Amino acid sequence: MVNKEKWEKLSDFMAKLQVHETDLIEKFIIGSGKGGQKLHKTASTVYLKHIPSGLEIKCQESRSREDNRYFARIRLCEKLHSQVTDEKTKEQQKNEKLKRQKKRRSRRAKQKILDEKSKHSELKALRKKPASHH
């Protein structure tokens, strides 16, 4: 449950970005994905469209329609804010980080890593006790 305080902060943020409730089209859709029977019976997914900017948001973070209304507005404001300030949203940053992690290394980078490993193993070999012969 999202408390009143959070809703007030959100309305301040919306006012700062000049997003008015009258500029929003809000629809409730039946959810999809995991969540079971309850999710497929109730229209708890929130679809928001900001008419002036044309931005569309679909939110299905929780099973509660009220919570999703809040989260959808937050996402919309973050997206608008990132467009205005040319900053990347947390979502975009997270996606870019994942891309960097999944990206294949170049041959040169791989070779560099292997060279480091072999140097390290040579150093470790020097630490071994000399083999004694009987």
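**View 1. Gln18 is exposed, with a relative accessible area of 59%.** This is a predicted model. Gln18 sits in the loop that runs between helix H1 (4-16) and strand E1. Its phi is near 60 degrees, which is a positive value in a residue other than glycine. Gln18 counts as exposed because 59% lies over the 50% cut-off.

**View 2. An open sheet is built from 3 strands.** The strand order is E1-E2-E3, and the pairing is antiparallel. Strand E1 (24-29) and strand E3 (55-59) are the edge strands. Each of these two pairs on one side only. From one strand to the next, the twist averages 15 degrees. Helix H3 (residues 65-85) packs on this sheet and touches E1, E2 and E3. The direction of H3 makes about 145 degrees with that of E3.

**View 3. E1 and E2 pair over 6 bridges.** The sense of this pairing is antiparallel. Leu24 stands opposite His50, a residue of E2. What is the bridge partner of His50 in E3? The partner there is Leu55. His50 therefore appears in both pairings, facing Leu24 and, in E3, Leu55.

**View 4. E2 and E3 form a hairpin.** Strand E2 covers residues 45-50 and pairs with E3 in the antiparallel sense. This pairing runs over 5 bridges. Two further partners can be picked out along the hairpin. Lys49 has Glu56 of E3 as its bridge partner. Tyr47 is matched in E3 by Lys58. How many residues lie between E2 and E3? There are 4, and Gly54 in the turn has a positive phi of about 80 degrees.

**View 5. Strand E2 is largely enclosed by the rest of the structure.** Why is E2 described as enclosed? The reason is that 5 of its 6 residues are buried. Thr45 is found in this strand. Is Thr45 buried or exposed? Thr45 counts as buried, because its relative accessibility is 5% and the cut-off for buried is under 20%. Its contacts, leaving aside neighbours within four places in sequence, include Lys27, Phe28 and Ile29. Ile30 and Gly31 are also in contact with Thr45. So are Cys59, Gln60 and Asn68.

**View 6. E3 has a covered face and an uncovered one.** In a regular strand the side chains alternate between the two faces of the sheet. Leu55, Ile57 and Cys59 make up the covered face of E3. Glu56 and Lys58 make up the uncovered face. Both residues of the uncovered face have bridge partners in E2: Glu56 is paired with Lys49, and Lys58 with Tyr47.

**View 7. The largest pocket holds about 230 Å³ of space.** Which elements each supply at least two residues of its lining? They are E3, H3 and helix H4 (90-102). H4 gives the largest share, 4 residues. Ile57 and Lys58 are among the lining residues. Arg75, Glu78 and Lys79 also line the pocket. Thr89, Lys90, Glu91, Gln92 and Asn95 complete the lining. By type, the lining divides into 1 nonpolar, 3 polar and 6 charged residues.

**View 8. Glu91 and Lys97 both lie in helix H4.** Glu91 is one of the residues that line the largest pocket. Glu91 counts as partly exposed because its relative accessibility is 46%, and partly exposed covers values between 20% and 50%. The C-alpha atoms of Glu91 and Leu24 are separated by 22 Å. These two residues are 67 residues apart along the chain. Lys97 is partly exposed, with a relative accessible area of 49%. How far apart in space are Lys97 and Glu78, C-alpha to C-alpha? They are 19 Å apart, and 19 residues apart in sequence. Glu78 is another of the residues lining the largest pocket.

Technical notes:
Residues are numbered from 1 along each chain as its sequence is written. This is a predicted model: local features need pLDDT of at least 70, side-chain atom pairs count only at pLDDT 80 or more; totals for chains, interfaces and linings use all residues. Side-chain values use heavy atoms; hydrogens and water are left out. Two strands pair if DSSP finds at least two bridges between them. Axes are lines fitted to C-alpha atoms, for helices over the stretch in contact, and angles run from 0 to 180 degrees between N-to-C directions. Contact means heavy atoms within 4.5 Å. On a 1 Å grid over the protein atoms alone, a cavity is a set of points where a 1.4 Å probe fits but cannot get out, and a pocket is an open set with protein on both sides within 12 Å along at least five of seven lines; lining residues have an atom within 4 Å of a point. Grid points are joined across faces, edges and corners, and a volume is the space filled by probe spheres set on the points. Ala, Val, Leu, Ile, Met, Phe, Trp, Tyr, Cys and Pro count as nonpolar, Asp, Glu, Lys and Arg as charged, and the others, Gly among them, as polar. Buried means under 20% relative accessible area, exposed over 50%, partly exposed in between (1.4 Å probe, protein chains only).
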